[in-house]
Amino acid sequence: VLSLRFDIEFVGSGNLDGLRQPFVFGANEQGAMDYHLFRLSLPKRLRPTMIAPSRALARGRNVVVFTDDPQAGRLVGEFSPVAAGLANQHNVAIVPIGLVGTFKLNDLIKLPVSTRPKVSIRIGAPIYVRGRRISQATAELQGTVEQLVHEGDLSWWDVEKRRVAPSGAPSPEPIPRWRRLWDQAA
């Protein structure tokens, strides 16, 4: 049903081959339809839930954890340590997911569109938390999802310039919300 309304590009599905379930999906959030579109685009055996993630992992179900809202001109929000904490507690992998093209998708499908909106779901290599600090795994997840979102659209150098400056460096000037939304819609 989704393929009739959207042009869905699924990149990196080979990263899920042979991966022991359950696992935690760590995805960027761009719009209201992200969870539903992502969930329904996966095969039934891989579909995640967001309800009671610890209990779902204990029962062998996959879960998805989304980022917070992006800030200061960035396209990808910050991950809280929840994804890495769940993966560490249940000894499972984190699978980074970059969702591209879902920003304002809810508004787009209400319009009479002659072409189907293109949505890209990009899957990164699994990240294992066991034996590492939660903050290290969260930082790796953040970096991987940022690279997945910018992959193909920007050069390597542009992706690196958009990353957060190291602690102690001056933070970029805050950008008004309307400008961030304008940049994301481009």
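A residue counts as buried when its relative accessible area is under 20%. By that rule Phe25 is buried, because its relative accessible area is 0%. The structure is a predicted model, and buried residues make up 40% of the 186 residues in the protein. The points below cover the overall fold, a cluster of aromatic rings and the surroundings of Pro22.

**Overall fold**

- The protein has 8 helices and 6 strands.
- Read from the N terminus, the elements follow the order α-β-β-α-α-β-α-β-α-β-β-α-α-α.
- Among contacts with a separation of 6 or more, 73% join residues that lie 24 or more positions apart.
- The exposed area of the protein is about 10700 Å², and 54% of this area comes from carbon and sulfur atoms.

**Aromatic rings**

- A pair of aromatic rings is described by how far apart the centres are and by the angle of the planes.
- The protein has 2 aromatic pairs when rings are paired by centres within 6.5 Å.
- One pair is Phe23 with Phe25: the ring centres are 5.0 Å apart and the planes stand at 85°, so the pair is edge-to-face. An angle over 60 degrees is what places a pair in that class.
- Phe23 and Phe25 are both buried.
- Phe25 also pairs with Phe38, with ring centres 5.0 Å apart and planes at 85°, so this pair is edge-to-face.
- The pair of Phe25 and Phe38 links distant parts of the chain, since Phe25 belongs to strand β2 (residues 24–27) and Phe38 to helix α2 (residues 34–41), 13 residues apart.
- Phe38 has a relative accessible area of 0% and is therefore buried.
- Through these ring pairs, Phe23, Phe25 and Phe38 form a cluster.

**Pro22 and its surroundings**

- Pro22 sits in the loop between β1 (7–11) and β2.
- With a relative accessible area of 13%, Pro22 is buried, because the cut-off for that class is under 20%.
- Setting aside neighbours within four places in sequence, Pro22 is in contact with Leu57, Gly60, Arg61, Asn62 and Val92.
- The C-alpha atom of Pro22 is 8.0 Å from that of Ala93, although the two residues are 71 residues apart along the chain.

Key: Residues numbered from 1 in each chain as written. Predicted model: local features only at pLDDT ≥ 70, side-chain atom pairs only at ≥ 80, totals over all residues. Heavy atoms only, no water. Helix = DSSP H or I, 4+ residues; strand = E, 2+ residues; numbered from the N terminus. Buried < 20%, exposed > 50% of the residue type's maximum accessible area, 1.4 Å probe, protein only. Contact = heavy atoms within 4.5 Å. Areas by Shrake-Rupley, 256 points an atom, 1.4 Å probe, with all protein chains shown as cover. Phe/Tyr/Trp six-rings, centres within 6.5 Å; stacked < 30°, edge-to-face > 60°.
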